[in-house]
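Student: Before the terms are used, please show me the model and its sequence. Then I will ask what each term rests on.

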Amino acid sequence: MVKHQPLQVYERQLCLSCITGIYGCRWKRYQRSHDDTTKWELLWSLILLFTFCALLVWFYFWLEAHNDYNEFNWFLYNRSGKWSDGTVPVLATTAAGFTYVAFLMVLALCHIALGQQLNLHWLHKIGVTAALLTTVVGVISINQTWRHEWDIIPISLQATGPFLHVGAVVAVTALSWIVAGQVARADKTSFQVVVMLLYLSLLLGLYVVPLYITSPCIMDPTNLRPRPHVIGHQGAPMLAPENTMWSFQRALQMNVTGLETDVTISVDGIPFLMHDRTLRRTTDVEEIFPDRQMEDAALFNWTDLQQLNAGRWFLKDDPFWTTHSLLSHERNLIANQSVCSLEQLLKLASYHNISVVFRLRRPPLGHPCYHSWLNDTLQAVELSGVPQSLVMWTPDEDRDQVRQLAPGLVQTSLMKQTPQSLREAGISNLLLRYNQASTQEIRDLSQKNISLTLYTVNEPWLYSVLWCSDVSAVSSEAPHVLKKVPYPIWLLRPDEYCMMWVCADVISFVVVIGIFILQKYRTSGMRSYNPEQIMLSAAAVRRSSRDLNVMKEKLIFSEVGNGVGSSEESYTDGPNDYDYYTDRGGSQ
């Protein structure tokens, strides 16, 4: 009689080793475990999930905030005094953090699907903590300095909501494979009930989300109003230096119907175009008048202003990353731009018969024109020869006096008011930031024959949403981009959208039911195998099923626990029996 034990042959599991190794540094088989995850590791799994969700929202916010990157950089400039593109490091760190955390989430889901114990490595715990803290600090900073930008999320959901819903349904439907596997293999009924309730609540919640999704682009195409007018905000500042003649000419080449700018009054009473309080960002005042670079722009006279170059900064700073596309003659034109006066702009507008809207900044106290600033501006309008009907007057001070002196000006308000208040004040136009008016408010103003212009609209998706909301005009820094939007990006009839989300929900539900049935069938099939037969035939058949390997390992542990692994088994003493085991082992 020959006494020996049957050889247990393990297959190489490279994929499983990589998953457990990268996630928890468990590269060896003996380091892995099918035991339940500890409470401490469950807590870290929840932290990982929360970090993933926070980064997902943070990343989405910055993707949609692309419309206002220039505004963000201008805020940073006002705080630091130096111009730089602050969105680059923010986007780089956000993208890196989201990719890293999303990768860990995928590995965690793979652990659950394969029945492996979750054990996040301490280095990853540090990385997840750093990503979470960085996101929290970023959210707090934005909340303090750029709070109104959070409105971009609900506004953007009007454009992306229907499609994000379909994507979420697909993701949760795919997740049912893991959930069904866990439910089918669970031994405790309470665990099965809790998991099923949580998953079904999430799934059914997603199914009814479209009932709460509202978008102006879900409408009958026959009710779509004409394309909103595009006004060049500071000309075409993505293609040329802002508030220069070349910038306004480039905007006119993009078929704008109006020009928007900011006006300051010089010491000698000449209204000129300048957005900032000082001249440092958009001129070479540091070189020409180094001792006066921090002075208010209104404290310079027109002669001094004409000595400044207002174009070279654009080529140097490249604020919109567009200078690489400029031709040589365009670079020469830009390099020779000077500060532009309001009269020059109005003459250009009069020649092309387009409207002009400007914000007028009152000079500081003690300025020679502190009291006469409105009259000085009205005089410049009169000297330019522009028809008054092309000028949109925005200052609220002394409107009655202005109306008497120039009754043809289009009275425009920069403050949000009710249609009734606007009519009582004799105001026919309203200029607001795009987040200050809802779809319903836009339509109410349109019905009251009050023209609404929203700024600053640079992205096609935002332009499309506002178009469907019946806005009459938008002010844009990117007229060359909006020129390529002859029709809303997407437009769905209500019945078409209803059919789309109902079909998505029905297909998802059928797939989920099919996955649960399939997982139940697979698990019950595995449990019908004879454990001894699995152990003896696994090496020949080379089953790669995870459940098969789990059952083989459980069989070994159960035999060791019962004393079988240490006992000697008797087999018939013969060459056939000996060759059977040696041949089986050698074939591996």
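**Terms and their values**

Student: Why is arginine 281 said to lie over the face of tryptophan 313?

Tutor: A charge sits over a ring if NZ of Lys or CZ of Arg is within 6 Å of the ring centre and within 35 degrees of the ring normal. Arginine 281 lies over the face of tryptophan 313 at 5.8 Å from the ring centre, and that distance is inside the 6 Å limit. Arginine 362 is placed over the face of tyrosine 370 in the same sense, at 4.1 Å from the ring centre.

Student: What kind of model is this, and how are its residues and side chains treated?

Tutor: The model is predicted, with local features needing pLDDT of at least 70 and side-chain atom pairs counting only at pLDDT 80 or more, while totals for chains, interfaces and linings use all residues. Residues are numbered from 1 along each chain as its sequence is written, and side-chain values use heavy atoms, with hydrogens and water left out.

Student: What makes the contact between aspartate 276 and arginine 281 a salt bridge?

Tutor: The term requires a side-chain nitrogen of Lys or Arg within 4 Å of a carboxyl oxygen of Asp or Glu. For aspartate 276 and arginine 281 the closest N and O atoms are 2.6 Å apart, so the requirement is met. Glutamate 286 and arginine 280 also form a salt bridge, with their closest N and O atoms 3.5 Å apart. The structure holds 19 salt bridges.

Student: How do you know whether aspartate 276 is buried or exposed?

Tutor: Buried means under 20% relative accessible area, exposed means over 50%, and partly exposed is in between (1.4 Å probe, protein chains only). Aspartate 276 has 3% relative accessibility, so it counts as buried. Arginine 281, at 6%, is therefore buried too. Glutamate 286 stands at 38%, so it counts as partly exposed.

Student: Why are arginine 403 and aspartate 400 said to be about one helical turn apart?

Tutor: Both are in helix 15 (residues 399-405), and they are three residues apart there, which means a separation of about one helical turn. Helices (H or I, at least four residues) and strands (E, at least two) are DSSP runs, numbered from the N terminus. Arginine 403 and aspartate 400 form a salt bridge whose closest N and O atoms are 3.1 Å apart. With a relative accessible area of 25%, arginine 403 is partly exposed; aspartate 400, with 55%, is exposed. Elsewhere, salt bridges that share partners join Asp68, Glu71, Glu149 and Arg433 into one network.

Student: How many aromatic pairs does a search of the whole structure find?

Tutor: The search finds 22 aromatic pairs.

Student: Why is the pair of phenylalanine 52 and phenylalanine 98 called stacked?

Tutor: Rings of Phe, Tyr and Trp (its six-membered ring) pair if their centres lie within 6.5 Å; planes under 30 degrees apart count as stacked, over 60 as edge-to-face and the rest as tilted. The two phenylalanine rings have centres 5.8 Å apart and planes at 20 degrees, so the pair is stacked. Phenylalanine 52 lies in helix 2 (residues 39-64) and phenylalanine 98 in helix 4 (residues 87-114), so the pair ties together parts that are 46 residues apart in sequence. At 16% relative accessibility, phenylalanine 98 counts as buried.

Student: What makes the pair of tryptophan 58 and tryptophan 62 edge-to-face?

Tutor: Their centres are 5.8 Å apart with 85 degrees between the planes, and an angle over 60 degrees counts as edge-to-face. Tryptophan 58 and tryptophan 62 are four residues apart in helix 2, so about one helical turn separates them. Both are buried, and they belong to one aromatic cluster with Phe61, Tyr69, Phe72, Trp146 and Trp150.

Student: How do you know that threonine 278 is buried, and what is it in contact with?

Tutor: Its relative accessibility is 9%, so threonine 278 counts as buried. This residue lies in the loop between strand 4 (271-273) and helix 9 (285-288). Contact means heavy atoms within 4.5 Å. Leaving aside neighbours within four places in sequence, threonine 278 is in contact with Tyr77, Gln293, Met294, Glu295 and Ala297.

Student: Why does serine 464 count as buried?

Tutor: Serine 464 has 2% relative accessibility, so it counts as buried. Serine 464 lies in helix 18 (residues 460-468) and touches Cys217, Val485, Pro488 and Ile489, not counting residues up to four places away in sequence.
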